[in-house]
Amino acid sequence: MSSVITEVAVQVFKTEARTAVDSYGHRHPGPSIQTTQALLRITDSDGVSGYALGKPNYLRQDQVEQSFRSVLIGTDPLAREAIEKKFAIRQRTKAVELPEHTLSYIDQALWDLAGNKFDTPVWKLLGGSRSEVKAYASTMCGDDIDGGLATPEDYANFAIDLKARGYQGIKLHTWMPPLPGAPNVSRDIDACAAVRDAVGPGFSLMLDGYHWYSRTEALTLGRELDRLKFAWFEEPMDEFSLRSYKWLADQIDTPVIGPETTPGRHKSRSEWIVNEACDILRVGAMNGGGITPALKTVHMADGFGLECEIHGNGAPNLALVGGAPNIQWYERGLLHPHTDYDWVPPHLKSIVDAIDSNGIVQMPERPGLGEEFDHEFISANLVGEY
């Protein structure tokens, strides 16, 4: 007899963070502060649990009580497709209560449970395409911090340091609002040019541009990236305007990658493929609705001969990278001269994506998604449990 889900619970707890988020949602270096995190736990009748770490506002008590338990309790925890369908139907009239980030956490926890049940890393359950991957360094957005990322020269100096650490590629996030004077096409070009000069020819560089540039601004920037031989150009315009991305991709040589934030899981991304709006497809476990639909996206891209790069870091995204053959990179970041990415927060016992001197991240050998939570710390710092 198959096991069934018997418990769905969330622990909200206090922990430490060493970065801060500005009013537009961009992350920057910051002093040590107390923050809150939420840990979703789904347990089956065999006593096996799966976990997903997330933001408390996406794992609220009303969501757990009104939607999570009514769908999940009594259901086979391995029936992820059936579960996703049930939540998708509910989401039709509850889009605000059940955003894709929330559904992603449920799917992540179900995959973690499956890996723990079979004593196998999730990346192997997803296909086991590779046991290691090259990582690119993904920078924080520009700032006005002394010795930070305030000038093109700052980006160049940081790029030299990142290359010396072993990274085989670097993606720039340049200056964004609310920083005064941002965005600015000329300033972005200067930063890209400074970094290219610093790392030399043949080194992989990418740009994640300001997400609301006009077509002509994006074209000006894209043609400079052609000259500088960048590996891809990411989200320079509103992604709801699919035709703008086709227009841009048709006119520049630099591969256009997307979409990053467009909702609709694999179904919306199929439209990007058939309309030739990108040269490289983009998805992540969080903004793709979960590991299950993100994997569909990756396989769909493979059917069209497209690479599909995974947006963001963390255990679920690393599992996706390990699962499929048409993914080239792992996004490691966000990085900044004044932050230590390898610092282990107190609710974890280790980081899942340690990197070696050649810029290589090994796939985790722990079962499930591979994260090692400090459950004693979490229990000792509870804010609420439901």
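Begin by selecting the two parts into which the chain of this predicted model is divided: domain 1, which covers 5–119 together with 375–385, and domain 2, which covers 124–362. If you give each domain its own colour, you can see that domain 1 is made of two separate stretches of the chain, 5–119 and 375–385.

Next, mark the centre of each domain, taken over the C-alpha atoms, and you will find that the centres of domain 1 and domain 2 lie 25 Å apart. Then select the residues where these domains meet: 31 residues of domain 1 are in contact with 32 residues of domain 2.

Now return to the whole chain and switch to a cartoon view, in which you can follow twelve helices and 13 strands. Showing the C-alpha atoms alone, and turning the view along the principal axes, you can picture them filling a box of roughly 60 × 45 × 35 Å. How does the radius of gyration of the chain agree with that of a compact globule? A compact globule of 386 residues would have a radius of gyration near 21 Å, and because the chain has 21 Å, the two agree.

After that, colour by accessibility: of the 386 residues in the chain, 56% are buried. On the surface view, the chain exposes about 15700 Å², and carbon and sulfur atoms supply 50% of that area.

Two last selections remain. Among the contacts with a separation of 6 or more, 69% are between residues 24 or more positions apart. Finally, select the charges, 36 positive and 53 negative, whose mean positions are 5 Å apart.

Methods. Residues are numbered from 1 along each chain as its sequence is written. This is a predicted model: local features need pLDDT of at least 70, side-chain atom pairs count only at pLDDT 80 or more; totals for chains, interfaces and linings use all residues. Side-chain values use heavy atoms; hydrogens and water are left out. Helices (H or I, at least four residues) and strands (E, at least two) are DSSP runs, numbered from the N terminus. The radius of gyration is taken over C-alpha atoms; the globule rule is 2.2 Å times the number of residues to the power 0.38. Buried means under 20% relative accessible area, exposed over 50%, partly exposed in between (1.4 Å probe, protein chains only). Contact means heavy atoms within 4.5 Å. Accessible areas come from the Shrake-Rupley method with a 1.4 Å probe; for residues, only the protein chains shown count as cover. Lys and Arg count as positive and Asp and Glu as negative; His and the chain ends are not counted. The place of a charge is taken as NZ of Lys, CZ of Arg, CG of Asp or CD of Glu. Domain bounds come from an automatic or database domain assignment.
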